Structures are given as structure tokens and as C-alpha cells.
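I opened this entry to record which side-chain contacts I looked up and where they sit. The notes follow the order in which I checked them.

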Amino acid sequence: MELVDYSSSIYSIIPALLAIILAIVTRRVLVSLSAGIVVGALMLVDFNPLNALIYLKDNVIALVYSSEEGMNSNMNIVFFLVLLGVLTALLTVSGSNRAFAEWAQNKIKGRRGAKLLAASLVFVTFIDDYFHSLAVGAIARPVTDRFKVSRAKLAYILDSTAAPMCVMMPVSSWGAYIITLVAGLLATYSITSYTPMGAFVAMSSMNYYAIFSLLMVFFVAYFSFDIASMARHEKLAMERDYKEEVIEGVKGKVRNLILPILVLITVTVFMMIHTGSEALAADGKPFSLLGAFENTTVGISLVVGGSSAVAMSTLLIILERQVSLQEYGKAWVAGIKSMLGAIAILFFAWTINKVVGDAQTGKYLSSLVSGSIPVQFLPVILFILGSAMAFSTGTSWGTFGIMLPIAAAMATNSAPELLLPCLSAVMAGAVCGDHCSPVSDTTILSSTGAKCNHMDHVTTQLPYAATVATASAVGYIVVGFTESGLAGFVTTAAVLVALVFIVKKR
């Protein structure tokens, strides 16, 4: 089917612009993406409804199955998300959260230790932001309450370690999602100088907002750096006696939490090395650890790791004999349901990625930017746009789905050397906006996990997020002019230190 060429027309921006505007106005990402997809499909086939249906049908089928390759590799990511939801539910029903909380209360001796415990648990629960916010909230809240750490501080710690860590880890739902999107973009523009994994690692190293948000959390936890309304909440917490929390559910063992997570990480990493080494051998290249990770098959590795973790959790539940078959089945159903929203966003994001590529939106926009805005400002502009969109819609994933294809097209056509910095800027902006947004799922779940008033969490977290965002924006300006990720990192660090010093002095 021959598609209409919009590469030199302003109409090429309509599908993406419609999706963005509707997302901001309605705050309903799926509806907004749907509108952009349908309108874009009609435009590409010269408004022939039947051809538009055929175009959409072919693209949707291609997401699942292709005659050349069989089942599309995208489906491995879907299977992993389902397994992740099931694992989260099984860890809850097994009572492992309760067991770990009771263990931690006997080990922690002060307020600083309680805060550092809550922050450090992200290195165990980084597989998913929802899982992190709810599980760590349940685990750490009794400990932070005992040492009179405010619920607002706990909510900030949960939120600022959830998405910022998940977005940089390939062994997570976020990492798998982004790697898949990046793989599609590299294929769309026939870019062979990066592998999807290699591009993801490089992008993560330039995700200044995520990196320095994490560092800021540990700084705040260790030095009690309380600014604006957070200082008031911490003062009130010192004067308040929280009632002892009672964690409902069966009483499991700490191993029920630790072993499945260790299995997930260990098996996934092993499979990534194994599939990468097979790819190297097939190409006649010698084995190297970096080469294996750059040529790995992420989807299959995640599915095997997720299946192994679910199997381990199931085995532990059988050994404990405290969960009935009916409760076990309900956990599976609840876990699968919890991931349906994420899977839906993923499919819609893949589809609009194809539509935006076929409409050649980025090629048209890049021609405007190259003529009116210096390409050196592309990273910081994309960071700001990504932040604004994620803040308005409350979703990082929706922002990734809409903005990454546009950023890739603009960079490819106007400044190929800035491709990865531009994609990194979108990632950082999406996390920043989602982090600050009162309608963000992660923000809401962090409030829920900490049992903190939602708007108290939003208002106490915003000053910290704004400080890191300001420093990150300066870093992306430097990257645009120097093309050096290291220069941007050093600049971001220097600006952030200066801002912290100024705030602390005041």
C-alpha cells in the first residue's frame, strides 16, 4: 500500500500533536494515543477508511506475529510484564513483606538508619516502580514510624527511588519497555552503530535527572536536608506518636522476599550473557562480557528470569503451606490484572511509533529546528517538553511512546551525533514530569505506600525535584554544545551542589 508523503508538510505533525494536546487536556493517555493513531492512519492513506483499517490491522498483527520471524519479540516483553505482576502478588500473599518489616525493626537503631533502609531497598525492588512503592512502603513504614520519620519524608524516598532507578535498569519493566522502543527506532532509521542494549546503557549514563534524584535521596536521608514544607513535616513527626502498624496477611519468612528477587536478577543476567554469547558465536566474534550484553536478547532473558522467580516464589509457598490453592489462584489473577494497563499503553505506544515514523514527523520538525533553533539546544528543549507532557498526563510511559519517536527523527535528520543525548533528555524529562505530577500513578502509589496525605507528598517533594531538574537542564545545554556526556554530568553535579549550598545557607 502506497502511503502519502508528508515529509515536507506541516500536516505531518498532526498525529503526534493531536495525541499530545489530548493527553494534556484529558489526561487519558490511551484515548489520546488512539486519536493520534486513527487520524494518522487516515492521513497516510488519503482518508480512505477501508485502507486505514487495513493499515492499522497490518501494523497491529506485525506487533504480535510476522510471517518471516514468527512470534514478534515484542511479545516477550508482554509476557515479562505479566510474570512481574504475578510475582508481585505472590510476594504479598506469601507474607514476605510482613516478615522483612519485622526483621528490619529489630536491626535499625536510629532515624538515619530508618531512612537509609527505605532508600537502599530500591536495590532489591527495582524490577518495577509499582512494586517498589507499595512493597517498600509496607516494609519500611513500621520502621520509619518507630523512629519518628515523617510519612511525607518516606513518600519522597519511595517516589524518588522508584522511577529514577527503574528507568536506568535493563532488568526492570521500564528498562524492557524502553529497550524495545529504542530497538524499533534503530530499525526504523537503519542505525547499526548501536545495539538496543548498548544504546540503552549510554542513554542511562546521560539520564542526569534520574541519577541525581537518586543521589539527592541519599543525601537527604543521611544529612536530614529538609527544605520548605518538608522541614515542617519532619518537626511535626518528632512530636507525634504513630500507632504501631499491623501488617495483615500470613506470617511468612524473609527468604520468601529475598530468594525470588535474587533468582529473578541472577537468572536474567545469566540469560542475557548466554544469549549474547550465542549471538557473538554466530557472527564469529570472540566472547566478551560487554559484547555479550550488547548483543543479548533482552526479551527472552526477562521471560526466563521472570518465570524462574515465579517458580521459586511458588515453591516457597508450597513449602510454607500457609496459602491455600484458592488464595494462590487469586494472586495470579490479581497480578495479571495489575499489568493490563501497562500492556495496553505499550501496544498503543508501539503503534503510534509506526504512525509517526510513516508520517515523517521528525523529518519535517527537524527542518524547522535546523532553520530557527540551534541544534545544540535540542537536548534541553526535549527535556523541558518531556517534563511538561509527563507532568500534565501523569505518565512516563505515555511520554516515552509519543516523544521518543519524535526526538529520534529530529536528531537523525538534523544532528545525528546528538541522537543518544536527545533520547536521554526525553527519558529524563519524562521521569521528571511524572515525578512532580499530582496525577502520576507512581506519585499516588508512593503516597499510598507511605500512608501519607497525597498533596502533602506532592508539595514536599516538588522543591527537591525542581532543584535537580534545574541542574539537569543546565547539563543538557552543555551536552548540546560539547557532545560530551561526561561534561554534562560534571556540569549537572556542580550546579546541583551550588543550588544545595544556596538553599542550605538560606
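I began with a charge and a ring. The charged end of Arg112 sits over the ring of Tyr222, with 4.0 Å to the ring centre. I keep in mind that this is a predicted model.

Tyr222 led me on to other rings. It belongs to a cluster linked by ring pairs, together with Tyr156, Phe219, Phe223, Phe225 and Tyr464. I then asked how many aromatic pairs there are by the rule in use. The count is 15 aromatic pairs.

I looked at two of these pairs in detail. Trp174 and Trp397 form an edge-to-face pair, 6.3 Å from centre to centre and with 90 degrees between the planes. Trp174 lies in helix 9 (residues 173-188) and Trp397 in helix 19 (residues 396-414), so this pair ties together parts that are 223 residues apart in sequence. I checked whether the two rings belong to buried or exposed residues. Trp174 counts as buried at 2% relative accessibility, and Trp397 counts as buried at 9%.

The second pair is Tyr177 with Phe400, and I noted it as tilted: the centres are 6.2 Å apart and the planes are at 45 degrees. Tyr177 is in helix 9 and Phe400 in helix 19, so the pair links distant parts of the chain, 223 residues apart. Tyr177 counts as buried at 1% relative accessibility, and Phe400 is buried with a relative accessible area of 0%.

Helix 19 came up in both pairs, and I took a look at the helix itself. Helix 19 has 19 residues. From its first C-alpha to its last it reaches 25 Å, close to the 27 Å expected at 1.5 Å a residue. Where does helix 19 kink? I found a kink of about 35 degrees at Met403, shortly before the proline Pro405. I also noted its cover: helix 19 is mostly covered, with 16 of its 19 residues buried.

Next I went through the salt bridges. The count comes to eight salt bridges. I took Glu234 and Lys153 as an entry point; their side chains meet in a salt bridge at 3.3 Å, N to O. Glu234 lies in helix 12 (residues 229-238) and Lys153 in helix 8 (residues 151-166), so the pair ties together parts that are 81 residues apart in sequence. I checked the burial of both partners. Glu234 is buried, with a relative accessible area of 4%, and Lys153 is buried, with a relative accessible area of 0%.

I then turned to Glu320, which I found in two salt bridges. With Lys253 the N to O distance is 3.8 Å. Lys253 lies in the loop between helix 12 and helix 13 (255-282), and Glu320 lies in helix 15 (residues 298-320), so this pair ties together parts that are 67 residues apart in sequence. With Arg255 the N to O distance is 3.2 Å. Arg255 lies in helix 13 and Glu320 in helix 15, so this pair ties together parts that are 65 residues apart in sequence.

I asked how exposed these partners are. Glu320 is buried, with a relative accessible area of 18%. Lys253 is partly exposed at 40%, and Arg255 is partly exposed at 35%. I also noted a network: salt bridges that share partners join Arg111, Lys153, Asp226 and Glu234 into one.

Last, I looked for disulfides. The count is zero disulfides. Cys422 is in no disulfide, and the nearest cysteine sulfur to its own, that of Cys432, is 17 Å away. Cys422 counts as buried at 0% relative accessibility.

I followed Cys432 to another cysteine. Why is there no bond between Cys436 and Cys432? The sulfur of Cys436 is 4.5 Å from that of Cys432, its closest cysteine sulfur, and this is too far for a bond, because a disulfide needs the two sulfur atoms within 2.5 Å. Cys436 counts as buried at 11% relative accessibility. I closed the entry there.

Notes. Residues numbered from 1 in each chain as written. Predicted model: local features only at pLDDT ≥ 70, side-chain atom pairs only at ≥ 80, totals over all residues. Heavy atoms only, no water. Salt bridge = Lys/Arg side-chain N within 4 Å of Asp/Glu carboxyl O. Helix = DSSP H or I, 4+ residues; strand = E, 2+ residues; numbered from the N terminus. Buried < 20%, exposed > 50% of the residue type's maximum accessible area, 1.4 Å probe, protein only. Phe/Tyr/Trp six-rings, centres within 6.5 Å; stacked < 30°, edge-to-face > 60°. Lys NZ or Arg CZ within 6 Å of the ring centre and 35° of its normal. Expected span 1.5 Å × (residues − 1). Bend = angle between axes of the 7 residues up to and from the residue.
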